[in-house]
Amino acid sequence: MDKLQVVGGKRLQGEIVISGAKNAALPILCAGLLTSGDLELSNVPRLHDVKTILKLLAQTGLKVTQDDERVTLNGSAITTLEAPYELVKTMRASILVLGPLLARFGEAKVSLPGGCAIGSRPVDQHIKGLQALGAEITIEGGYIYAKCKKLKGARIRTDMITVTGTENLLMAATLADGETILENAAREPEVTDLANLLVAMGAKIEGIGTDRLVIQGVAELHGAKHAVISDRIEAATFLCAVAATGGDILLKNTRTDYFDVALDKLREIGLVMTMGSDSIRAQMGGRPKPVSFRTTEYPGFPTDMQAQFMAVNTIASGSSRITETIFENRFMHVQEMNRLGASIQTEGNTAHVKGVDKLVGAPVMATDLRASASLVIAAMAAQGTTIIDRIYHLDRGYDRMEVKLSAVGADIVRIK
Ligand code: EPU
């Protein structure tokens, strides 16, 4: 199993090119199942999760052609309407094939994802929504069996805001008979990117970017060309890195208009940012100031940035309070940061962080994707050497993070 060795205390200086967004690419690739035409996608990030979804899509019969960050999909010869446990258990986003397969072929068999490190994460809202669209769904032997003659438009209000739930139902509704209204829909920029792609494929969707999506079903969708939006979480992770280590970096291929409150919080920390049309220059000198926040759905503070901001708070000039409201178990990085000398105490879903003068390198273990990124940041800010074990989590969602960071001066190597 690969590990990362990080020697802390290096200032960051230079340019980093941000990759396409993982959480936009995954649903967008699944949209390839909705049409027999060619879907020509660019800015697809090179990630383990993307490999997993392409493997899953290829075994349905979807033709996949890949040339670095360009992927072309053709769904004219789909033969297998199934997502097996072996693939779904490694990546929950596999559930995103359910809506498209059912809508286009009237049938799908998809393994239930089960729990994961950050919480129980049920998919009941995906199932209830598809039932409202007329699907017959049974669950047997750990699999969801879904059937329908033709989905029929309906008004659906999910009990909570769910990102992949909204995406699954949106994709299904594009091919349903009549009008579907999705209320309480997720507004994340990744949902918007999927909706824009669907429109380019011939779907009729109103309310894009709002919590009420109105979809008029069409008989079929056609091929399209689309560039995946850049990864706001990857960009914000590098901004946290420079906030923790000090330095001057330029992020390229990034947007600045969908950055939620994370940028405001970075300013509060003391990061000086200059926005370009598709770039952000970030400069940091001195010790970070503490920031308190609670995670909420977009446009609130993203849960996917909670751990990285906590890493910065560990060395801040005061105390902060972080409340996680989206997932019940997303504080697994706390114990590992405390091994590096941080002072964090948790109380239910709130973490109290007391900034310390310094962290000191130690062996630590990554527990999930964003926790891994937070440990890289903490290790870069610490004195001495940190070995981070189980970094396969990092490879799932960051495109060669250690390569990008070493290019701007971090002392970070992968140990095979
Ligand atoms: N939920 C239910 N039932 C459902 C669906 C969701 O109870 O049917 C609950 C979840 O358990 C959770 C909350 O609703 O407590 C929100 O979950 P959501 O469905 O929005 O999460 P997701 O769609 O499974 C996506 C991202 C996550 C990100 C969350 C929240 C993808 C592929 N994944 O997950 O990304 O944290 O939205 O923004 O888009 C990551 O990239 O590290 C990551 C975990």
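**Exercise 1. The ligand shell**

Of the 22 residues around the ligand, which come nearest?

Solution. The model is a predicted one.

Step 1. The nearest of the 22 residues around the ligand are Asp124, Thr162, Thr164, Asp304 and Ile326.

Step 2. Sorted by class, the shell around the ligand holds 10 nonpolar, 6 polar and 6 charged residues.

Step 3. At least two shell residues each are supplied by helix 1 (22-30), helix 5 (124-132), helix 6 (163-174) and helix 12 (369-381). Helix 5 gives the largest share, 3 residues.

**Exercise 2. Polar atoms at the ligand**

List the distances from ligand oxygen atoms to polar atoms of Arg121, Ile326 and Arg330, then state how much of the ligand the protein covers.

Solution. A pair of N or O atoms within 3.5 Å is taken as a polar contact.

Step 1. For Ile326, a polar backbone atom is 2.6 Å from an oxygen atom of the ligand.

Step 2. For Arg121, an N or O atom of the side chain is 3.0 Å from a ligand oxygen atom.

Step 3. For Arg330, the distance between a side-chain N or O atom and an oxygen atom of the ligand is 3.3 Å.

Step 4. On its own the ligand has 830 Å² of accessible area, and the protein covers 87% of it.

**Exercise 3. Helix 1 against helix 2**

Classify the packing of helix 1 and helix 2 (residues 48-58) and describe their contact.

Solution.

Step 1. The two axes lie 10 Å apart, and helix 1 and helix 2 pack at an angle of about 5°.

Step 2. Angles under 35 degrees count as roughly parallel. Helix 1 and helix 2 are therefore in the roughly parallel class.

Step 3. Helix 1 contributes Lys22, Ala25, Leu26, Leu29 and Cys30 to the contact, while helix 2 contributes Asp49, Val50, Ile53, Leu54 and Leu57.

Step 4. The class count for this contact of helix 1 with helix 2 is 8 nonpolar, no polar and 2 charged.

**Exercise 4. Helix 6 against helix 7**

Repeat the analysis for helix 6 and helix 7 (residues 189-200).

Solution.

Step 1. The axes of helix 6 and helix 7 cross at roughly 10° and come within 10 Å.

Step 2. Because of this angle, helix 6 is roughly parallel to helix 7.

Step 3. From helix 6 the contact takes Val163, Thr166, Glu167, Leu170, Met171 and Thr174; from helix 7 it takes Glu190, Val191, Leu194, Ala195 and Leu198.

Step 4. The contact of helix 6 with helix 7 has 7 nonpolar, 2 polar and 2 charged residues.

**Exercise 5. Backbone geometry**

Locate Pro299 and Asp68, and give the backbone angle reported for each.

Solution.

Step 1. Most peptide bonds are trans, and most residues other than glycine have a negative phi.

Step 2. Tyr298 and Pro299 are joined by a cis peptide bond with omega of about 10°. Pro299 sits in the loop between strand 18 (293-294) and helix 10 (306-313).

Step 3. Asp68, a residue other than glycine, has a positive phi near 55°. Asp68 belongs to the loop between strand 4 (63-67) and strand 5 (70-74).

How values were computed. Residues numbered from 1 in each chain as written. Predicted model: local features only at pLDDT ≥ 70, side-chain atom pairs only at ≥ 80, totals over all residues. Heavy atoms only, no water. Near = heavy atom within 4 Å. Polar contact = N/O pair within 3.5 Å; in protein donor to acceptor, adjacent residues only side chain to side chain. Areas by Shrake-Rupley, 256 points an atom, 1.4 Å probe, with all protein chains shown as cover. Helix = DSSP H or I, 4+ residues; strand = E, 2+ residues; numbered from the N terminus. Nonpolar A, V, L, I, M, F, W, Y, C, P; charged D, E, K, R; others polar. Axes fitted to C-alpha atoms, helices over the stretch in contact; angles between N-to-C directions. Parallel < 35°, antiparallel > 145°, perpendicular 65-115°, else oblique. Contact = heavy atoms within 4.5 Å.
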